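Please look at the sequence and the model shown here before reading on. The report that follows goes through its sheets and one pair of packed helices.

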Amino acid sequence: MRSYHKILFVAGAMCLGVFQGFSQSVNSTENLPKDYLSKEFHAGRRQALRNLMPANSVTVIFSYPDQVFSNDVNYVYHPNPDLYYFSGYKEPNAVLLIFKDVQADGDSSYNELFFVRHRDPQREQWTGRRLGVEGVKTQLGFKRVYNSEAFVNFPIDFKKFSAVFYDEMPADVTGDGSAGELKNLVNAFKSKANIPNIDRQLMGDLSLINKRAMPGNLARIINYLKPKLDKEAYKNSAIIQELVNKPDSATLVDVKAKINASFSGISNYNNYTNTLRGIKTPEELVLLKKSVEISSIAHAEIMRSIKPQMSERELEGIFMYVHKKYGAEDEGYPPIVGAGANGCILHYEENSATKLDNQLTLMDVGAEYHGYSADVTRTVPANGKFTDDQRAIYQLVYDAQEEVFKLCKEGTLYAKLEKKSEQVLAAGLIKLGIIKDASEVRKYYPHGCSHHLGLDVHDKGGYDGNLSANMVITVEPGIYIPAGSPCDKKWWNIGVRIEDDVQIGKNGGTILSIDAPRKWQDVEKMAADKSIFDNARFPELK
């Protein structure tokens, strides 16, 4: 029973007493994990943001919206990572304002304002505790906190600031129209700050170009854009049309400059948050390393437990059990468990095959611990032994990964990781007779080699410069040969990805996911071990 409508049937003094009792215990922190990020951490991140902002500016950060799962049931709420990073707040219907300079307010002053979801004891009994104004003050350390309803009429003149920084506006916002809901907060901000409407998908792609496009991946970016070019917003975008009509490095530089000029509020917001979140603090590294360790232990247990008669979903369940056993709240992304041909689908999420049979099984599954996501992939033969052909592809991917690891140190140009993986895989595929020329490598290696990792599985951080110490990135070369590929049939339906999470250091990288075996010999050895799940017995369904 999760429907808010059920509350209408709750009445009387008896229920009121229950609600009051619930309200009194709402801020209890007993029997909860003790290793969350501290309020001092979040305050330090806000100050680090102020240090980047120019004089007389303000940054505005909204919560993410609730998303409907089915009828009157929502998905488990996932907070906006930026809002969490700067505040520790994990609820919807909120907006945070961070000012560069101290703002005068009569006899008092402030440099941040926080508008948060109001307390509601009745709803809290149905859907969980809320911090409310007082909770945000005492637990998160903010001084000027208001119920979100107050934002619409709050006397703040955004037009007096030299710069207003903000992210793309939240989409798919629904609700009952109350003043404190996210939709009204966003609309009020756009009105107060005179923010023009722009197609959200287009804005997202412009941000993608600005953040991720490089000469080395420009062709893939253009291919990604092509299916959208018939849409009116894309036809009318001079920036998109310029890049598509002349996709070269000089045009890319010009296009990025125009994006920054035309959408400076969003561009600068992304620049600041990429700079901050791309370098992990010691506090963040503790949580991120724990998330990766949990994921690696889960992958190792999967190697022990995997059997040909098992289903993809059964393996997914083992991952989830191990994650929860160690306190991970969730997975950082939908688990990918693909046997045989399914392993050649990059983001295969159905996990619906009822038997693995004697096939390679590619598993891209990472835990999320206190908001920080791991991203680990292993490819394992369901019967515990690689065939010669499977081993050849696996070894090639392993070799590419090993070469990229050598570059994972401060000062390396990010683009070199991509180039090195491409070179090794191309040479290996030519040697195996799968391709004839290095230019064909992207037929079987269609994705990038690395991305930042943190509060998002594809985390914020710079991609067009050099690696810096305490960045955490993935290294994930892969080869995927679906049936019908223009090569010997013996290679068909072999998909291999090996993905590890690496902390960048001054003189080299540290592989954080080392607890999950990587060498094919070690994978086979682990597969020969006993699993705690081997003797699990469940009754047959009738």
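Two strands are said to pair if DSSP finds at least two bridges between them.

## The three-stranded sheet

This is a predicted model. In it, three strands form an open sheet in the order β14-β17-β18, with antiparallel pairing. The edge strands are β14 and β18 (509-511), each of which pairs on one side only. On average, and ignoring direction, neighbouring strands of this sheet are turned by 35 degrees against each other.

The pairing can be followed bridge by bridge. Strand β14 (residues 472-475) is joined by four bridges to strand β17 (residues 500-504), and the two run antiparallel; here Val472 has Gln503 of β17 as its bridge partner. Three bridges join β17 to β18, again in an antiparallel arrangement, and in this pair the partner of Val502 is Ile511 of β18. Strand β14 is also covered on both faces, since Val472 and Thr474 on one side are buried, as are Ile473 and Val475 on the other.

## The five-stranded sheet

A second open sheet is formed by five strands in the order β6-β5-β4-β1-β7, and its pairing is mixed. Strands β6 (145-147) and β7 (163-166) stand at the edges with a single partner strand each, so one side of each is left without a neighbour in the sheet. From one strand to the next, the twist averages 25 degrees.

One parallel pair in this sheet is that of strand β1 (residues 57-62) and β7, which are joined by four bridges, and within that pair Thr59 stands opposite Phe165 of β7. Helices also meet the sheet: α2 lies across β1, β4 (95-105) and β5 (108-116), running at about 65 degrees to β4. Helix α5 (residues 132-140) packs on the sheet as well, where it touches β5 and β6, and its direction makes about 160 degrees with that of β6.

## Two packed helices

Two packed helices are described by the angle between their axes and the distance between the axes. For helix α2 (residues 39-52) and helix α12 (residues 264-278), the angle is about 130 degrees and the axes are 10 Å apart, which means that α2 is oblique to α12. The crossing of α2 past α12 is right-handed.

Which residues of α2 and α12 make the contact? On the side of α2 they are Arg45, Ala48, Leu49 and Leu52, and on the side of α12 they are Tyr272, Thr275 and Leu276. Sorted by character, the residues of this contact of α2 with α12 comprise five nonpolar, one polar and one charged.

Definitions and conventions. Residues are numbered from 1 along each chain as its sequence is written. This is a predicted model: local features need pLDDT of at least 70, side-chain atom pairs count only at pLDDT 80 or more; totals for chains, interfaces and linings use all residues. Side-chain values use heavy atoms; hydrogens and water are left out. Axes are lines fitted to C-alpha atoms, for helices over the stretch in contact, and angles run from 0 to 180 degrees between N-to-C directions. Angles under 35 degrees count as roughly parallel, over 145 as roughly antiparallel, 65 to 115 as roughly perpendicular and the rest as oblique. A crossing is left-handed if the near helix is turned anticlockwise from the far one by less than a right angle, and right-handed if clockwise. Contact means heavy atoms within 4.5 Å. Ala, Val, Leu, Ile, Met, Phe, Trp, Tyr, Cys and Pro count as nonpolar, Asp, Glu, Lys and Arg as charged, and the others, Gly among them, as polar. Buried means under 20% relative accessible area, exposed over 50%, partly exposed in between (1.4 Å probe, protein chains only).
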